[in-house]
Amino acid sequence: MNTINNKALFLGINAENHDFFEKKAIQLLNDHCTWRKNFHSDDRDIITKNDKEEISFIDTENKISDVLNKMSVRLQESSTPWHSPRYLGHMNAETLTPALLGYFGAMLYNANNVAYESSAPTSVMEMEVGEDLCQLMGMQDNGWAHICTDGSIANFEGLWYARNIKSLPLAIKEIEPELVEGKTDWELMNLPISEILNLFEKSQSKIDILKNNSARAISDEIPKLGKWIVPETKHYSWLKAADVLGIGTNNIIQVAVDNHYRMDINKLKQIIDENIASQTPILGIVCVVGTTEEGAIDQVDKIIELKNNYSKDNINFYFHIDAAYGGYARSIFLDENNNFIDNEKLQDKYQQYNVFSHNINWPSDDVYNAFKAMSQADSITIDPHKMGYVPYAAGGIVIKDLRMKDSISYFASYVFEKGVKVPALLGSFIMEGSKAGATAAAVWAAHQTLPLNITGYGKLIGASVEGAYNLYNHIVDKKFYNINGINVQIEALTKPDFNMVDFILNVEGNEDLAVMNKLNEDIYNMSSIFSGHIYQCNFLTSHTDFSSTDYGNAPKDVINRLHINSQQWDKVQNITLLRACVLTPYLNDVNVLKDYMKIMDDDITMKLNNLINK
C-alpha cells in the first residue's frame, strides 16, 4: 500500500526540503529551455554573443537583477509567514511542493486556458481536475467542473446558473408554449431543476432563442424569480453576485444561525413558508460547508430533507453549497476506491491509513451527514487554494448536471468553434475571459500526487483537523492566564466542526463587554502583521467581529460563559474574537504541538502583562 508522508509534501518551515525543490525547479526550467531549443532547432539565434557583450545589454541585465533583488528584499521584510505554525490566522498555510513546482513549470509556457488553441496541455489538465472534483463531490456520473479565479467567482457562477435556469420556463412558455401547456407562472417558477433541463433539452434547436428570452436577456424577468436565501454566515460575495447579476441585494434573505453557527433549519423553514404564503418564489438556497469566520458546517442533509419535502408539494428551488473552504475535506470520507465510507467503518479506516495520530472523536454525526449529502446539491463552490494547499488564484465550481452549462454559454467566433468538445470550449462556459494554464497545472500536479480520498488529501486534511482539535483542547484545558495574580479567562467560541478555532480573552471579574472587546482588539493589534516587524512576532493570529446585525443573538452563549450578562450584549451588540484557522499540517505531532503551544502561551502572557500593567 502506497503511503503519503505529509512532511515530504512541503518546502518546510526552515526550507528543510530546499535541495529537492531546487533540483526540480532547475529541471523544469531546463526542460522548458530544451523545448525552446528543439522547436525548429535549425533557426539561427536572434540573441547573439555580440548582443550579450553590448553595454546596453549588460546594463539591462544588471537593472533586472537589481529590481529582482529589491523585490526579494521587500517580500522577505513583510510577507506573512503562512508556512510557520507560529501563524494561526487566516486561511493560508504551507503550499504543496508539487503545486508550486507545477505552477512554476507551466507558467513558463504562459498558456491561457480560455481556449484550447492557446493551452492544449493545460486545458486537458483542467478537464482532468474537473473530473477529480466531480468525483470528490459524488457527481461523477453526469457532473462537470472547472477551475475559476476564486470562490467569489464560483459563487457568481452558482447564482448565474440559478438565475438563467429558473427563468427558462418563462422563456419556454413564450417560445414553445405547448411544452408547458396548462401551467401557471407560479408552477413554472417552482419546476424542479431536472425538469427544466429536460424541457430545455427538448428545445435544443431553439436554444439561442430561449436564452434570449430568459433572464439573461430580458431583465424584466428577474423580479419574477423570487428570493435568494443565505445563512447569516454567508460570504460577502453573495451580496456582490446579487448586485452584479441584477437579482438585487434586497432580494437576499439571511437565515439566523444557532449556537454552533450553523444555519437554523427551523428558521429556514419559517422563511420558506412565509414566502410561499405570499406567493413569492424561492430562487435558491445557499448553505455553507466551512464558514469563513467559524469553520462551521451547515446541516446539508437536513436542508436536502426539507427540499425534498417541499418538492412533494410542488415547491422547488435551486440549491448551492458554498464549500470554498471546506470542500476538499470531503476527501477524508472517501475510501481508497473513492466510495463514501459508512459511518460505522470510518474510525477503522482512519486507523488503517493513520489519518489521526490519536482519536479526536471527529467527525460528529452532524458533520458526517452534511458531507455525505453534498452530492445532492445543484452546484458547489470549492477552492483548491484553500484546503487544496495550492497557490493563488485557484477557485472551482462543480455542477451536478452538465446540461446546465448551456444555460450560461456564450461563443466568440475568434476563440471558440461551436460544436467542438470541451476543453476546447471551456471559455464559453465560464465567467473569465482569460485564465492561467499554470493554475490548472498546479492543481493537477497536487491531485496527481495526493488522491482526493483518505489515502491522499484525506490524510493531509486529517492532520489539519487534528491540529485544530489540539488547539481547541489546549484552550479548554488552559482556562486561565495568570498575570501577576490576575486571572485572564480564555474561552473557545465553540467546538470546531472543521479546523477553525475562534477564542476570546476576558479579565476575571470584568462584566463590561466593551472592555472585553477592547482587550481582544489590543491582543490582535499586537499579534498581527501590522504590529511591527514580523520577525519580532512570536505568535500571529487574525480576528473578527460578530455583530447582532449579522449574527442575531448567537454570541450570547459565549459571552455568558465569560461571565458577561445578556444585557451587555443588548447594549453593545458586538463581540471581538481572535480567529485561528489551523491549516498547518504540523500541529498533529505531539512534540511540535507542545513547542508551539508554549510559544503561544508565553506570547499571550507577555502581551497581557503589557496591557494589564500599563
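**Two pockets and a mixed sheet**

Let me begin with the largest pocket, which holds about 1,000 Å³ of space. What we look at here is a predicted model, where local features need pLDDT of at least 70 and side-chain atom pairs count only at pLDDT 80 or more, while totals for chains, interfaces and linings use all residues. Residues are numbered from 1 along each chain as its sequence is written, and side-chain values use heavy atoms, with hydrogens and water left out.

A pocket, on a 1 Å grid over the protein atoms alone, is an open set of points where a 1.4 Å probe fits, with protein on both sides within 12 Å along at least five of seven lines, and lining residues have an atom within 4 Å of a point; its volume is the space filled by probe spheres set on the points, which are joined across faces, edges and corners.

Around the largest pocket there are 31 lining residues, with Ser-79, Thr-80, Pro-81, Trp-82 and His-83 nearest its centre.

The second largest pocket has a volume of about 740 Å³, and among its 34 lining residues His-235, Tyr-236, Thr-292, Glu-293 and Arg-579 are closest to the centre.

Turning to the sheet, seven strands (DSSP runs of E, at least two residues, numbered from the N terminus) form an open, mixed arrangement in the order β2-β8-β7-β6-β5-β3-β4, where pairing requires at least two DSSP bridges between two strands. At its edges are β2 (144–148) and β4 (252–255), each pairing on one side only. Within this sheet, β6 (residues 318–323) and β7 (residues 379–382) pair in the parallel sense over four bridges, and His-320 stands opposite Ser-379 in β7.
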